[in-house]
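Work through the exercises below with the sequence and the model open. Each task is followed by a solution in steps.

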Amino acid sequence: MTTQYYSAPNYGGRFLGLALALILGAAGFAFFVRHATSGALGRIATLITGRTTTFDTSVPAVVEKIQRLNRLETVVYSLDTVVEGDRTSPILPDLLGGDKLLLVVHGQSIAGIDLSQLKPEDVRIDSATHAIHVTLPPSQLFITTLDNQHTRVFARTTGLLVPVDQSLESDTRAKAQDQLQQAALADGILDAARKNARATVTTLLYSLGFQSVDVT
């Protein structure tokens, strides 16, 4: 006599597996729809959900968003140099009546664009094509400063017949600061500041949903 055993189908395990697969699939779908916001994936998500991306294309809204950048510092120009300061006598030679020093200088100039000066007439928007043109305010040299920790008197000679001029070092520092500023301007710091500001504003405008951006 042969005894045969039959195992009943494991419907419970199949159900749990199916439920888990559905949960994971739903989670993956939700993640895709939530994060697919641009490009081909964004268009697919839009077709699936029927959602559309909306953004305020009004000039006041765009101007306000750009103005939030305020004083946009885009270039830092650093320079190390040696500057000479001197006092001379119209009568006595420097050995007797002169006062000279050499100042080792480290400083920097910072340039950018003050976007708070942007006006509504500087922004043109074509809502039909989602295109925008922005004319930025002129670039500016915001500040030039000397790094006191790395600026020092390297050498000083004072005439035998005159006292040390206490104001010579401060006057030489002012001279060094002016030379640093002129060097930064000569090297094109304002052009570089404008170029970098254009890149920053362009990125901002694309993030707002514009498809064609022209910043000058």
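**Exercise 1. State how much surface the protein chain exposes, and what share of its residues is buried.**

Step 1. About 14000 Å² of the protein chain is exposed, and carbon and sulfur atoms supply 57% of that area. Accessible areas come from the Shrake-Rupley method with a 1.4 Å probe; for residues, only the protein chains shown count as cover.

Step 2. Of the 216 residues in the protein chain, 27% are buried. Buried means under 20% relative accessible area, exposed over 50%, and partly exposed in between.

Step 3. Note the basis of these values. The model is predicted: local features need pLDDT of at least 70, side-chain atom pairs count only at pLDDT 80 or more, and totals for chains, interfaces and linings use all residues. Residues are numbered from 1 along each chain as its sequence is written, and side-chain values use heavy atoms, with hydrogens and water left out.

**Exercise 2. Describe the open sheet of three strands and the helices that lie across it.**

Step 1. Count the elements: the protein chain has six helices and seven strands. These are DSSP runs (helices H or I, at least four residues; strands E, at least two), numbered from the N terminus.

Step 2. The strand order of the sheet is S3-S4-S7, and the pairing is mixed. Two strands pair if DSSP finds at least two bridges between them.

Step 3. S3 (123-126) and S7 are the edge strands, each pairing on one side only.

Step 4. S4 and S7 run parallel and are joined by four bridges. In this pair, His 133 stands opposite Asp 214 in S7.

Step 5. Place the helices. H3 lies across S3 and S4, at about 130° to S3, while H6 lies across S4 and S7, at about 155° to S7. Axes are lines fitted to C-alpha atoms, for helices over the stretch in contact, and angles run from 0 to 180 degrees between N-to-C directions.

**Exercise 3. Identify which elements each supply at least two residues of the largest nonpolar core.**

Step 1. This core has 18 residues; Ile 66, Ile 132, Val 134, Leu 136 and Leu 205 have the most contacts inside it. A nonpolar core is a set of buried Ala, Val, Leu, Ile, Met, Phe, Trp, Tyr and Cys residues joined through side-chain atoms within 4.5 Å.

Step 2. The elements are helix H3 (59-67), strand S4 (131-134), helix H6 (189-207) and strand S7 (212-215).

Step 3. Leaving out residues up to four places away in sequence, Val 134 touches Ile 66, Leu 205 and Val 215, among others. Contact means heavy atoms within 4.5 Å.

Methods
Buried means under 20% relative accessible area, exposed over 50%, partly exposed in between (1.4 Å probe, protein chains only).
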